[in-house]
Amino acid sequence: MKIVYLGYRVSKIPMPVSTSDIPILIRTLRQRLGLSQRKLGEKLGVVFQTVNNWENGRTKPTRMAMMLIKQELEQMGEEGTDLLEQYFGE
């Protein structure tokens, strides 16, 4: 598992406006990256079941997971811009 320190506190990472939108965010991110739930979980340091639970709205990501999701979107460049704007207001 790779942990990346980004220089800011996890508590400062915004959560999406509506937790009901999280499944859409996770599924869209995963599909744009061309990853299975298992592979996305590996990238984010969680197990398959965690990603599956997020996508099905059973649980929501922690602030740390949201920070890593945001980082993935930023690394996607233009392809992730709309999701950053929609879910993180950037």
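Here is a short walk through a predicted model, one selection at a time.

**Whole chain.** Start with everything shown as cartoon. You'll find 5 helices and 0 strands, so to speak a plain α-α-α-α-α run from the N terminus on. Switch on a surface: the accessible area is about 5400 Å², and carbon and sulfur atoms own 50% of that. Of the 90 residues, 38% count as buried. If you like contact maps, take the contacts between residues at least 6 apart in sequence: 61% of them join residues at least 24 apart.

**Helix H1.** Now select residues 22-33, which make up H1. Put a distance label between the end C-alpha atoms and it should read 16 Å. That agrees with expectation, because 12 residues at 1.5 Å a residue should span 16 Å, counting one step fewer than there are residues.

Next, show side chains for the buried residues of H1: Ile22, Pro23, Leu25, Ile26, Thr28, Leu29 and Arg30. What do they pack against? Bring up helix H2 (37-44), helix H3 (48-55), helix H4 (63-75) and helix H5 (78-88), and you have the partners.

Before leaving, click on Gly34, which follows H1. Its phi is positive, near 70°.

**The core.** Finally, select Leu25, Ile26, Trp54, Ile69, Leu73 and Phe88. These have the most contacts inside the largest nonpolar core, a set of 18 residues. H1, H2, H3, H4 and H5 each give two or more residues to this core. Which helix gives the most? Colour by element and look at H4, which puts in 5 residues. Leu25 and Ile26 should look familiar: both were among the buried residues of H1.

Key:
Residues are numbered from 1 along each chain as its sequence is written. This is a predicted model: local features need pLDDT of at least 70, side-chain atom pairs count only at pLDDT 80 or more; totals for chains, interfaces and linings use all residues. Side-chain values use heavy atoms; hydrogens and water are left out. Helices (H or I, at least four residues) and strands (E, at least two) are DSSP runs, numbered from the N terminus. Buried means under 20% relative accessible area, exposed over 50%, partly exposed in between (1.4 Å probe, protein chains only). Contact means heavy atoms within 4.5 Å. Accessible areas come from the Shrake-Rupley method with a 1.4 Å probe; for residues, only the protein chains shown count as cover. A nonpolar core is a set of buried Ala, Val, Leu, Ile, Met, Phe, Trp, Tyr and Cys residues joined through side-chain atoms within 4.5 Å.
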